[in-house]
Amino acid sequence: GETNYKGGLNALKNGTTGFLSGFWFNQHGSVLFLHHRKDGFLGGSFRTLVEATKGAAGRGGRKVRGNVAHPKQVYQKDKPVAVSFSVAFEGGSTTAWSGEFQVCDNTQTLLTTWMLTRPSRICNNHWSSTLIGKDTFKRKPYKARHYRKHLKFINKHRKYGKL
């Protein structure tokens, strides 16, 4: 059958689940599963297709922890809101994303800037231990092959919100 990419919109029926809950895909083929609590806490899992060395990201998904800023005037579905989350990877690096939820061209979007830090071998090389970039997450994969590469991960998380 046809796949429904609306992420966690069905989870909105649950009074403890916020509007960011569900699946998000970035332009590099990575997938983010979020559980957004009404108090602004974000938990979930992240699976990347981008690694500096094979296996550095670990197998399966990595835990996500974060927060949503939710002043009462903007804490509503489809209204701009600030968001941040982070992940620790098996290979020793960490990444933190900071950005905002927006509806762009009628598409729910997380516009983020990320900072990845990997330990340097010696103190004098600390200057090169951090990378900065941007990710745009959307509810639908950018390419069908990205979805197929994450099928096990997606199926594991389906019980928390329909895809």
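Guide: Buried means under 20% relative accessible area. Keep that cut-off in mind. The model here is a predicted one.

Visitor: Why is Phe 101 called buried?

Guide: Phe 101 has 0% relative accessibility. The limit is 20%, so 0% falls under it and Phe 101 counts as buried. Phe 101 sits in strand E6.

Visitor: How far is the C-alpha atom of Phe 101 from that of Thr 112?

Guide: The two C-alpha atoms are 8.7 Å apart. Along the chain, Phe 101 and Thr 112 are eleven residues apart.

Visitor: What makes E6 and E7 a pair of strands?

Guide: Pairing needs at least two bridges. E6 and E7 have eleven, so they pair. The sense is antiparallel. Within this pairing, Ser 98 of E6 faces Thr 113 in E7. The two strands make a hairpin, with two residues between them.

Visitor: Which residues are in that loop, and what is unusual about Asp 105?

Guide: Asp 105 is in the loop between E6, residues 94-104, and E7, residues 107-117. Asn 106 is in the loop between E6 and E7 too. Asp 105 has a positive phi of about 50°, yet it is not a glycine. Asn 106 is not a glycine either, and its phi is positive, near 65°. Most residues other than glycine have a negative phi.

Visitor: How do you know that Asp 105 and Asn 106 are exposed?

Guide: Exposed means over 50%. Asp 105 has 76% relative accessibility, so it passes that mark. Asn 106 has a relative accessible area of 78%, so it is exposed as well.

Visitor: What makes E5 and E6 a pair?

Guide: Use the same test. E5 and E6 share eight bridges, and at least two are needed, so they pair. They run antiparallel. Ser 86 stands opposite Ala 96 in E6. E5 and E6 also form a hairpin, this one with five residues between the strands. In the turn, Gly 92 has a positive phi of about 105°.

Visitor: Why is the contact of Phe 85 with Phe 137 called edge-to-face?

Guide: Take two steps. Ring centres must lie within 6.5 Å, and these are 6.1 Å apart, so the rings pair. Edge-to-face needs planes over 60 degrees apart, and these stand at 70°, so the name fits. Phe 85 lies in strand E5 and Phe 137 in strand E8, so the pair ties together parts that are 52 residues apart in sequence. Phe 85 and Phe 137 are both buried.

Visitor: Which aromatic cluster holds Phe 85, and how many aromatic pairs are there in the whole structure?

Guide: Phe 46, Phe 85, Phe 89, Trp 97 and Phe 137 form one cluster. The whole structure has seven aromatic pairs.

Visitor: How do you know that Arg 62 and Glu 90 form a salt bridge?

Guide: The nitrogen must be within 4 Å of the carboxyl oxygen. Here the N to O distance is 3.5 Å, so the pair qualifies. Arg 62 lies in strand E4 and Glu 90 in the loop between E5 and E6, so the salt bridge ties together parts that are 28 residues apart in sequence.

Visitor: Are these two partners buried, partly exposed or exposed?

Guide: The partners fall into separate classes. Arg 62 has 22%, which lies between 20% and 50%, so Arg 62 is partly exposed. Glu 90 has 51%, which is over 50%, so Glu 90 is exposed.

Visitor: What other salt bridge is there, and how many in total?

Guide: Asp 39 and Arg 37 form one, with an N to O distance of 2.8 Å. That value is within 4 Å, so the pair counts. The total is two. Asp 39 is partly exposed at 46%. Arg 37 is partly exposed at 35%.

Visitor: What is the overall picture?

Guide: The protein has eight strands and two helices. From the N terminus the order is β-β-β-β-β-β-β-β-α-α. Of its 163 residues, 38% are buried.

Visitor: Where is confidence low?

Guide: Over residues 1-15, pLDDT stays under 50. The average for the protein is 77, and 65% of the residues score at least 70.

Key:
Residues are numbered from 1 along each chain as its sequence is written. This is a predicted model: local features need pLDDT of at least 70, side-chain atom pairs count only at pLDDT 80 or more; totals for chains, interfaces and linings use all residues. Side-chain values use heavy atoms; hydrogens and water are left out. Helices (H or I, at least four residues) and strands (E, at least two) are DSSP runs, numbered from the N terminus. Buried means under 20% relative accessible area, exposed over 50%, partly exposed in between (1.4 Å probe, protein chains only). pLDDT is the predictor's confidence in each residue, from 0 to 100. Contact means heavy atoms within 4.5 Å. Rings of Phe, Tyr and Trp (its six-membered ring) pair if their centres lie within 6.5 Å; planes under 30 degrees apart count as stacked, over 60 as edge-to-face and the rest as tilted. A salt bridge is a side-chain nitrogen of Lys or Arg within 4 Å of a carboxyl oxygen of Asp or Glu.
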